[in-house]
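Me: Please take a close look at one part of this protein, its nonpolar interior, and explain how the surrounding elements and charged pairs relate to that part.

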Amino acid sequence: MSTLTPFPDMAPVPRVLVDVPVVEFPAGSVTVSLSRTCEGRTMAVRGGVRRSALSPLIVVDAEAGFQVESSYTVVGYDAEGKIVGSWPVGTVTLNFAGTVIQQPLDPRLSVQVERMWETGQVLSRPTPFSLTYPQREMLPGLVGLGPRRGLEGVEWNMVTLNHEDADMLQATLDPPQLPVWCIRTPPGMRIPRVFICSVELKELDTYRLTDSTEVHFQAVTTEVRPPAVGITASVLTYADVAVFYSTYSALGAAYATYSDIKRDTSLIGAADA
């Protein structure tokens, strides 16, 4: 039976472990993908795209929304890539009260920040069009009317509590990282709980004449599609396992199957610690 296990801690970010056994894959599946629906929005779960249907689908969802329900669905594909069916995995709530900013492609680059009151005072979702004024007409016509866009130009005012967190916030955008953030907030702000956005970041030198270790940042963000959903650095590596188990015999004594190893999220990132 499928299981959804929330981990509301910064290791490296709040996350949900999704574990779907092979018997729950749609009949005829050669590959399977995992999607998450949160606040009516459905997104592919990073790292859970087109995985082999020969073994359980075990995915760490490092982008689940905070304090709202997330429902998961597994979708099956045949050898030609055609959808053969879907199966509802279940719902879970990740109870985390803070604001976390992370690099989508590598959630190990992440930090918890404090939002200031000025954050998100103006929320704009524009609809692209232009006005034309035909001769002899008093009123213009609409040209190029398109779908309403996502949020544009959302301003964030944030504080990190120490210089180490400030350096980590900068590191989320350092080369070769994309200038994209995943910002997750609990309910209260009228933005999506999972907000994927382009970023223009400024660090303000407002505390240099005080004894505070806080660092103030301002960012202007525009909502974008999640980049490269098949890629994530929050995966278990052989180097992580080798930190704890130097031989196959020791590993075999601790875990019955390879899937059991993948279920142990405490191993992820051990080699980088």
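Reply: What follows starts with the whole chain, goes through the interior, and ends with the charged pairs and the surface.

The model is a predicted one. Its secondary structure comes to four helices and 16 strands. Of the 273 residues, 42% count as buried. Among contacts between residues at least 6 apart in sequence, 65% join residues at least 24 apart. The accessible surface comes to about 14,700 Å², and 55% of this area belongs to carbon and sulfur atoms.

Now the interior. In soluble globular proteins, nonpolar side chains tend to be buried together. Here the largest nonpolar core has 22 residues; V16, V18, L34, L57, Y72 and V89 are those with the most contacts inside it. At least two residues of this core come from each of the strands β2 (15-20), β3 (31-38), β6 (57-61), β7 (69-77) and β8 (83-93). The largest contribution is that of β2, with three residues. For a view from a single residue, take L57: leaving out residues up to four places away in sequence, L57 touches V18, D19, V20, F25, V32, S33, L34, R51 and V74. A second core, separate from the one above, has 20 residues, and M158, I183, M189 and V215 are included in it.

Strand β2 also holds a charged residue, R15. R15 counts as buried because its relative accessibility is 7%, below the 20% cut-off. The side chain of R15 makes a polar contact of 2.7 Å with the side chain of D9. A polar atom of the R15 side chain also lies 3.2 Å from the backbone oxygen of V13.

Helix α1 (residues 163-171) has its own buried side. Its buried residues are A166, L169 and A171, and they pack against β9 (99-103), β10 (106-115), β13 (154-160), β14 (180-184) and β16 (215-223). The N-terminal end of α1 is capped by N162, with a side-chain oxygen 3.2 Å from the backbone nitrogen of E164.

Next, the charged pairs. The count of salt bridges comes to eight. One of them joins R193 and E39, with the closest N and O atoms 3.0 Å apart. R193 is in the loop between β14 and β15 (194-204) and E39 is in the loop between β3 and β4 (41-44), so this pair ties together parts that are 154 residues apart in sequence. R193 counts as buried, at 3% relative accessibility, whereas E39 is partly exposed, with a relative accessible area of 43%.

Another salt bridge is between D106 and R108, where the closest N and O atoms are 2.8 Å apart. D106 is buried at 11% relative accessible area, and R108 is partly exposed at 34%. R149 and E152 form a further salt bridge, with 3.6 Å between the closest N and O atoms. R149 is partly exposed, with a relative accessible area of 44%, and E152 is partly exposed as well, with 28%.

Last, the surface. F129, L131, Y133, L142 and L145 form a nonpolar patch there, with about 580 Å² of accessible area together. L131 lies in strand β11 (residues 130-132) and is partly exposed, with a relative accessible area of 46%.

Notes. Residues numbered from 1 in each chain as written. Predicted model: local features only at pLDDT ≥ 70, side-chain atom pairs only at ≥ 80, totals over all residues. Heavy atoms only, no water. Patch = residues over 30% accessible without salt bridge, like charges linked within 9 Å, V, L, I, M, F, W, Y side chains within 5 Å. Areas by Shrake-Rupley, 256 points an atom, 1.4 Å probe, with all protein chains shown as cover. Salt bridge = Lys/Arg side-chain N within 4 Å of Asp/Glu carboxyl O. Buried < 20%, exposed > 50% of the residue type's maximum accessible area, 1.4 Å probe, protein only. Contact = heavy atoms within 4.5 Å. Polar contact = N/O pair within 3.5 Å; in protein donor to acceptor, adjacent residues only side chain to side chain. Core = buried A, V, L, I, M, F, W, Y, C linked by side-chain atoms within 4.5 Å.
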